[in-house]
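New to this one? Take a moment to look over the sequence and the fold before reading on.

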Amino acid sequence: MTREAVVGRMIEVGIVPVLRAQSADEAVAVAAGGIDVLEITMTVPGAVQVIAQVVKRYGDRVLVGAGTVLDAKAASECLAAGARFVVSPIVDETTIALCRRENVAVLPGALTPTEVVRAWRAGADLVKVFPCSAVGGASYIKALKAPLPQIPLVPTGGVTVATAGAYFAAGASAIGVGSDLCNVSAIREGRPDRITAAARAYLDAVQAARAAA
């Protein structure tokens, strides 16, 4: 799958679940709800191995990426494991350059207009706006899009199913969703159905927001 195809699929789904999963089994409950894009963060031990497990088990049926990637070395390890996109909370030009060379989608994190433009000029495919809810949420995305309509934004941090629609109305290309969707403890408690139901609720919210646009 080309970089452009990966980006297109992420935008089409509209949701990037941020998973702190320690096994492939924990990761796939979200996919069972219909969201076939998964960001597995580097903040848990063995995350690279989890990426490799999910890729081996599901192939192209699930688009697997790596999150909280802080440097090019970590990005390289994730790509070797099969990650199809790389997400970071910061703008690291060496990581962006590596992903561009490898034809892999990259979503650096930015907050201020200067950081957003810096990420875009460095080669970002989408720009993750983080932590978005801390600086106004959907209203902040609307404010950014006014002078920067050409830059696709993915607000992340504090996004909920109740606020998802407002982000799309403000101009977001997709949303990054963490614990409100990816409650790994539910899986460990034997309740993966809770995550599956949440995934479906998010998909419904995105569909409704786009239909109203």
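What follows is a short tour of charged pairs, a helix packing and two single residues.

## The charged pairs

Keep in mind that this is a predicted model. How many salt bridges turn up when the whole structure is searched? The count is nine, and a few of them are worth a stop here.

Start close to the beginning of the chain, with Arg-3 and Glu-4. These two form a salt bridge in which the closest N and O atoms are 3.6 Å apart. The partners sit in rather unlike surroundings: Arg-3 is buried because its relative accessibility is 13%, under the 20% cut-off, while Glu-4, at 48%, counts as partly exposed. This pair also belongs to something wider, since salt bridges with shared partners connect Arg-3, Glu-4, Arg-100 and Asp-125 in one network.

## Bridges across the chain

Next comes Arg-84, which forms a salt bridge with Asp-60; here the closest N and O atoms are 3.1 Å apart. Arg-84 is in the loop between α4 (72-81) and β4 (85-87), and Asp-60 is in the loop between α3 (47-58) and β3 (63-67), so this pair links distant parts of the chain, 24 residues apart. Is Asp-60 buried or exposed? At 51% relative accessibility, Asp-60 counts as exposed, whereas Arg-84 has a relative accessible area of 23% and is partly exposed.

Then there's Glu-93 with Arg-118, a salt bridge whose closest N and O atoms are 2.7 Å apart. Glu-93 belongs to helix α5 (residues 93-101) and Arg-118 to helix α6 (residues 113-122), which means the pair ties together parts 25 residues apart in sequence. Both ends are partly exposed: Glu-93 has a relative accessible area of 36%, and Arg-118 comes in at 40%.

## Two helices side by side

Now for some packing. Two packed helices are described by the angle between their axes and the distance between those axes. For α3 and α4, the axes come within 8 Å and cross at roughly 25 degrees. That angle is under 35 degrees, so α3 is roughly parallel to α4. As for handedness, the crossing of α3 and α4 is right-handed.

Which residues meet where α3 and α4 touch? From α3 come Val-48, Ile-51, Ala-52 and Val-55, and from α4 come Glu-77, Cys-78 and Ala-81. Sorted by class, the contact of α3 with α4 has six nonpolar residues, one charged residue and no polar ones. The charged one is Glu-77, because Glu counts as charged while Ala, Val, Ile and Cys count as nonpolar.

## Two residues to look up

Arg-9 is a good one to find in the viewer. Arg-9 lies in helix α1 (residues 3-13) and is buried, with a relative accessible area of 15%. Which residues does Arg-9 contact, leaving aside its neighbours within four places in sequence? They are Met-1, Asp-36, Asp-60, Arg-61, Val-62 and Leu-63. You've already met one of these: Asp-60 is the salt-bridge partner of Arg-84.

The other residue is Thr-112, placed in the loop between β6 (109-110) and α6. Thr-112 counts as partly exposed, at 32% relative accessibility. Its C-alpha atom and that of Phe-130 are separated by 9.5 Å, with their positions 18 residues apart along the chain.

Notes
Residues are numbered from 1 along each chain as its sequence is written. This is a predicted model: local features need pLDDT of at least 70, side-chain atom pairs count only at pLDDT 80 or more; totals for chains, interfaces and linings use all residues. Side-chain values use heavy atoms; hydrogens and water are left out. A salt bridge is a side-chain nitrogen of Lys or Arg within 4 Å of a carboxyl oxygen of Asp or Glu. Buried means under 20% relative accessible area, exposed over 50%, partly exposed in between (1.4 Å probe, protein chains only). Helices (H or I, at least four residues) and strands (E, at least two) are DSSP runs, numbered from the N terminus. Axes are lines fitted to C-alpha atoms, for helices over the stretch in contact, and angles run from 0 to 180 degrees between N-to-C directions. Angles under 35 degrees count as roughly parallel, over 145 as roughly antiparallel, 65 to 115 as roughly perpendicular and the rest as oblique. A crossing is left-handed if the near helix is turned anticlockwise from the far one by less than a right angle, and right-handed if clockwise. Contact means heavy atoms within 4.5 Å.
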